Amino acid sequence: MDATIASILISVLSLVILRYTIKLANRYWFRPKKIEKRLRELGFRGNPYRIIFGDAKDLVAMRGQLTSKPMELSDDITPRILPYQHHMAQKFGKKYFIWFGTKLRLTIMDPVLVKEILSRPNEFRKPNNDQMGKVLAGGLFSSEGNTWTKHKKILNPSFHMEKIKNMVPSIVEGCLEMMEKWNMSLASKESIEIDMVPEIQTLINDIMCKTVVTGQISEETKRIYQLRIIVNQQSMKLAKFMFFPGWWHLPFLEVKTLKAAHEETQSLVKKMVTRRLEEMKTGASNQGDVLSLMLEAYQDEASGVSLDDVIEECRSFHFVGPESTARSQMWMLYALAKYPEWQERAREEVLQVFGDQKPNIEGQNQLKIVTMIIYEVLRLYPPTGMFHRAISKDTKLGDMVLPAWIQVTIPITLMHHDPDIWGEDATQFNPERFAEGVFNSKMQLLTFTAGPRKCTGQSMAMVTHKSVIATLLQRFSFELSPSYIHAPKHSFLLTPQHGMKLVVRKIV
Ligand code: HEM
């Protein structure tokens with residue numbers, strides 16, 4: 001009898017082990033090999049599948065090696081900021097794939113196919129197992145389906161042109177305050193050297209927070225910005241583990257620090273949300289910022305918005321918009337400093353339109369040169385170097401059928417620097433290419449992406465850039481400092497690795 005029970009148990013156990021072995025073998029070997037075969041048949045090339053790491057180890061090593069030294073003062077930045085993608089494109093041509101563990105990322109650089117992907121967000125979805133994406137962005141940025149539609153509708157008023165117009169005086173005031181400090185330092189000197197990274201970061205954070213997110217700067221918001229820096233640093237250190245299922249539970253110090261920073265951010269936002277909710281109950285007006293709009297929806301039971309939804313949107317807007325806008329603003333100052341003839345043309349235009357009056361929204365439409373410069377910087381130095389979409393079933397794209405369970409990567413920077421797309425001078429700074437406007441330029445700018453999931457804050461970012469540039473150029477000139485080190489690097493968003501030291505002078 002005992003022997004029978006034992007043999008039944010052994011058989012059941014063997015079956016369970018066999019089932020899991022088959023599942024593991026399928027997940028870690030047969031499925032990747034099948035996917036690879038199908039993609040090779042479609043004409044894509046890449047390294048053969050390697051178990052556990054795939055290409056990830058090589059990618060991280062190459063990035064580490066290249067970012068350990070600065071580059072020459074050139075705008076041809078892809079070999080440094082996306083070294084592995086650049087290397088793969090050189091080796092295999094534009095149709096290549098990269099393995100991240102068992103996950104295959106297929107690079108799509110054909111503008112027609114990219115447009116198709118972006119116009120079909122229900123099939124090409126944001127990767128939903130992307131825990132890091134949720135920490136770094138989250139909210140509207142990462143949500144899908146009904147939640148995305150509902151929250152987008154609630155938050156739309158925050159991004160109406162009327163609301164954006166009202167931001168301009170705050171942006172100009174913010175710049176004037178920052179420049180007042182510069183003026184004081186310049187009282188006894190002809191020029192000063194300033195690292196623009198912390199200056200611009202604080203300026204844009206404060207502007208966005210006051211005008212978009214919570215309507216005011218508080219101790220909590222200041223701490224959230226510090227936590228954002230910690231989150232960015234830790235996530236870079238964890239890049240090579242991110243494709244491991246369950247990396248979020250690994251017992252590493254970096255994971256612990258990241259989680260702690262994330263949780264502290266959530267609890268600070270919760271404090272702000274609760275406080276504002278109390279204020280609204282006692283009659284405080286809706287200021288049209290993200291927090292007010294979400295709380296108004298939360299108070300309407302029919303909306304189905306929970307307090308956690310409010311907290312998450314609010315947390316995410318502290319991260320997404322300010323960080324991208326600040327980074328691109330830094331590169332705009334770099335370009336003005338590096339190309340003095342364009343700086344001069346932009347200043348002439350600003351002075352012609354505004355004289356010494358504070359820049360307003362009406363005059364901004366006449367800033368043709370400034371706008372051309374902004375678009376050219378957004379083309380050469382897009383804050384988001386690439387983005388990914390996932391498919392969970394066989395999906396038609398152009399005349400191909402892509403296999404299920406892969407991701408497609410759209411390498412914005414690689415495409416923006418591609419001579420086949422932007423012409424022979426693709427890697428050079430030439431704002432003239434936007435002389436007829438961004439919509440009339442030959443190719444589509446992907447910095448804010450396109451289609452239904454394009455950047456919600458595009459107009460807001462453009463108005464911010466124009467207001468900041470106009471206000472600064474009215475009063476100061478900029479030159480690259482001899483101590484400036486050119487080292488653009490992707491720290492999730494494109495950042496000047498060793499700061500951005502500029503020599504600043506008053507305009508006489
Ligand atoms: C120069 C500045 C900016 C750049 C380059 C930028 C870039 C982008 C990109 C590339 C995406 C799409 C990412 C993807 O599909 O995976 C995106 C989405 C988004 N951006 Fe921006 N962004 C900027 C400023 C802002 C600002 C100022 C805000 C708001 C205050 C904002 C809010 C959002 C939101 C909410 C989404 C998600 C939209 C959706 O999925 O429906 N962005 N942005």
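Here are some questions and answers about this predicted model and its ligand.

Q: What is the mean pLDDT of the chain?
A: Since this is a predicted model, let's start with confidence. pLDDT runs from 0 to 100, and 98% of the residues reach 70 or more. The model also scores ipTM 0.98 and pTM 0.92. As for the mean pLDDT of the chain, that comes out at 91.

Q: How many residues surround the ligand?
A: Let's split the shell by residue kind: there are 14 nonpolar, 10 polar and 4 charged residues. The closest are Trp148, Ser328, Arg389, Arg453 and Cys455. Put together, the number of residues surrounding the ligand is 28.

Q: Which element supplies the largest share of the shell around the ligand?
A: Five elements each supply at least two residues of the shell: α7 (139-142), α10 (196-213), α14 (307-338), β4 (387-391) and α20 (458-475). The largest share is 6 residues, and the element they come from is α14.

Q: How far is a polar side-chain atom of Arg389 from an oxygen atom of the ligand?
A: A polar contact needs N or O atoms within 3.5 Å. Trp148 has a side-chain N or O atom 2.7 Å from a ligand oxygen, and for a polar side-chain atom of Arg453 the distance to a ligand oxygen is 2.7 Å too. For Arg389, the distance from a polar side-chain atom to a ligand oxygen is 2.6 Å.

Q: How many residues of the largest nonpolar core come from α14?
A: This core has 149 residues, and those with the most contacts inside it are Leu106, Trp182, Met196, Leu402 and Phe478. The largest share of the core comes from α14, and that share is 14 residues.

Q: Which residues is Trp182 in contact with, leaving aside its neighbours within four places in sequence?
A: Trp182 is one of the residues with the most contacts inside the largest nonpolar core. Its partners further off in sequence include Glu199, Leu472, Phe476 and Val504. The rest of the list is Ile192, Ile194, Met196 and Phe478.

Q: Is Thr449 buried or exposed?
A: Thr449 sits in the loop between α19 (419-422) and α20. Its phi is positive, about 55°, although it is not a glycine. Buried means under 20% relative accessible area. Thr449 has 16%, so it counts as buried.

Q: Where is Phe492 found?
A: Phe492 is another residue with a positive phi, about 65°, although it is not a glycine. Phe492 is partly exposed because its relative accessible area is 33%. You'll find it in the loop between β9 (488-491) and β10 (493-496).

Q: Which side chain makes a polar contact with the side chain of Glu123?
A: Glu123 is in the loop between α5 (111-119) and α6 (131-136), and it is partly exposed, with a relative accessible area of 35%. Not counting residues up to four places away in sequence, it touches Ala390, Ile391 and Thr395. Its side-chain polar contact, at 2.9 Å, is with Arg120.

Q: What is the relative accessible area of Thr265?
A: Thr265 is found in helix α12 (residues 253-281). Not counting residues up to four places away in sequence, it touches Ile224, Leu227, Arg315 and Phe319. Thr265 is buried, and its relative accessible area is 1%.

Key. Residues are numbered from 1 along each chain as its sequence is written. This is a predicted model: local features need pLDDT of at least 70, side-chain atom pairs count only at pLDDT 80 or more; totals for chains, interfaces and linings use all residues. Side-chain values use heavy atoms; hydrogens and water are left out. pLDDT is the predictor's confidence in each residue, from 0 to 100. A residue is near a molecule or strand if one of its heavy atoms lies within 4 Å of it. A polar contact is a pair of N or O atoms within 3.5 Å; within protein, one must be able to donate a hydrogen and the other to accept it, and residues adjacent in sequence count only if both atoms are side-chain atoms. Helices (H or I, at least four residues) and strands (E, at least two) are DSSP runs, numbered from the N terminus. Ala, Val, Leu, Ile, Met, Phe, Trp, Tyr, Cys and Pro count as nonpolar, Asp, Glu, Lys and Arg as charged, and the others, Gly among them, as polar. A nonpolar core is a set of buried Ala, Val, Leu, Ile, Met, Phe, Trp, Tyr and Cys residues joined through side-chain atoms within 4.5 Å. Buried means under 20% relative accessible area, exposed over 50%, partly exposed in between (1.4 Å probe, protein chains only). Contact means heavy atoms within 4.5 Å.
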